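Get your viewer ready and load the chain as a cartoon, with side chains hidden for now. We'll go stop by stop, and each stop tells you what to select next.

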Amino acid sequence: MPPRAKITKDMVIDAAFEIAREAGAENINARTVSKKLNCSTQPVMYHFATIEELKRVVYEKADGFHSSYLMNVEEQSEDFMLGIGLNYIRFAIEEPHLFRFLFQSGYVAENSLLEMTDSEELKPLLAAMQEAIRVDEKQMKEVFLTIALFAHGYASIIANNSFEYDETVVSVHLERAYRGAILVSQEESK
C-alpha cells in the first residue's frame, strides 16, 4: 500500500481559498476543506486550531489576490486610477464570493476608510496613482477616497446581484467622479 500523501498547511489554505471563491467563506469548515482535500478532518485541525484562524489566513490570501487583480492595469497613465476602479468593480462581478468575504464579512482590519488610506498595503497603490496624476499625498488620498467610495458602491450592488453591469455606463460615471475629485483637489490647493 502506498504511503498517504501529506496534507500541508498550504494545501489546507489553498483548499479553503477555493471554497471561499466557489461557495463563500461562510462555507469554510473542517468538513468542506477535508472533502476538498480528500482526507479526514484531522489534517485540517492539525494545522489550524480553529476554523476562525483558518478564515483569517484565507482572508489574507484573498486580500493579496485582490490587490494583484486591481493592479493589473494596462499602463501607468492618468487613467491608471480609472483602470483600478474598473478592476475593483470587475472583481465584484468575477469573484462575488471573495468580494463579499473581503468587504462585507467583518474581517477587514481597518475600521474606517481614513485608516485604510494609511495602511501599508495601500501605499504602493497610492504612490503609483500619485505619480500618474501628479498631486501631493494629501490630494491623492482625497481623490482615492472619492473613487473608492464610488467604485465600492457599484461593486457592492453588483456583487449582491442587485444591478446589471454595463461597463460603458459605469466607466462614464467613474470617470466623472474621478475628474471631479481631481478638479476639487486642485482648486483647494490654490
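## Stop 1: α5 and α6

Select α5 and helix α6 (residues 96–104): the pair packs at an angle of about 115°, with 5 Å between the axes. Here axes are lines fitted to C-alpha atoms, for helices over the stretch in contact, and angles run from 0 to 180 degrees between N-to-C directions. Helices themselves are DSSP runs of H or I with at least four residues, strands are E runs of at least two, and both are numbered from the N terminus.

Now show side chains. On the α5 side the contact (heavy atoms within 4.5 Å) uses Y88, F91, A92, I93 and E94, and on the α6 side P96, L98, F99, L102 and F103. Colour them by type and you get nine nonpolar, no polar and one charged. The grouping counts Ala, Val, Leu, Ile, Met, Phe, Trp, Tyr, Cys and Pro as nonpolar, Asp, Glu, Lys and Arg as charged, and the others, Gly among them, as polar.

A word on what you're looking at: this is a predicted model, where local features need pLDDT of at least 70, side-chain atom pairs count only at pLDDT 80 or more, and totals for chains, interfaces and linings use all residues. Residues are numbered from 1 along each chain as its sequence is written, and side-chain values use heavy atoms, with hydrogens and water left out.

## Stop 2: zoom out

Back to the full cartoon. You should count ten helices and zero strands. The C-alpha atoms fill a box of roughly 75 × 35 × 30 Å along the principal axes. Of the 190 residues, 41% are buried; buried means under 20% relative accessible area, exposed over 50%, and partly exposed in between, with a 1.4 Å probe and protein chains only. Among contacts with a separation of 6 or more, 64% link residues 24 or more positions apart.

## Stop 3: α10

Select residues 167–188. That's helix α10, 22 residues reaching 31 Å from first C-alpha to last, close to the 32 Å expected at 1.5 Å a residue (the expected span is 1.5 Å times one less than the number of residues).

Which residues of α10 are buried? Pick out V170, L174, A177, Y178, A181, I182 and S185. They sit on the same side of α10 because they cover an arc of only 130° around the axis, the arc being that of the directions from the helix axis to the C-beta atoms. Spin to the other side of α10 and you'll find T168, R176 and E187 exposed.

Bring in α5 (80–94), α8 (123–133) and α9 (137–159), which are among what covers the buried residues of α10. Then go to the N-terminal end, where D166 caps α10: a side-chain oxygen lies 3.1 Å from the backbone nitrogen of T168. A polar contact here is a pair of N or O atoms within 3.5 Å; within protein, one must be able to donate a hydrogen and the other to accept it, and residues adjacent in sequence count only if both atoms are side-chain atoms.

## Stop 4: α2

Jump to residues 30–37, which are α2. A30, V33, S34 and L37 are buried there. Those buried residues fall within an arc of 95° seen down the axis of α2, so they line one face of the helix. Show α1 (9–23), α3 and α4 (51–70) to see what the buried residues of α2 pack against. R31 and K35 are the exposed residues on the face turned away.

At the start of α2, a side-chain oxygen of N29 comes to within 3.0 Å of the backbone nitrogen of R31.

## Stop 5: the loop to α3

Just after α2, select N38, in the loop between α2 and α3 (42–47). What is odd about the phi of N38? The value is positive, about 60°, although N38 is not a glycine. Most residues other than glycine have a negative phi. N38 is exposed, at 72% relative accessible area.

In the same loop lies T41, partly exposed at 33% relative accessibility. T41 touches A30, R31 and S34, leaving aside residues up to four places away in sequence. Between the C-alpha atoms of T41 and N29 there are 9.3 Å, with the two residues twelve apart along the chain.

## Last stop: H47

Finish on H47 in helix α3. H47 is buried, with a relative accessible area of 17%. Draw two distances from the H47 side chain: 2.8 Å to the backbone oxygen of I7, and 3.5 Å to the backbone nitrogen of K9. Beyond residues up to four places away in sequence, H47 touches I7, T8, K9, V12 and E53.
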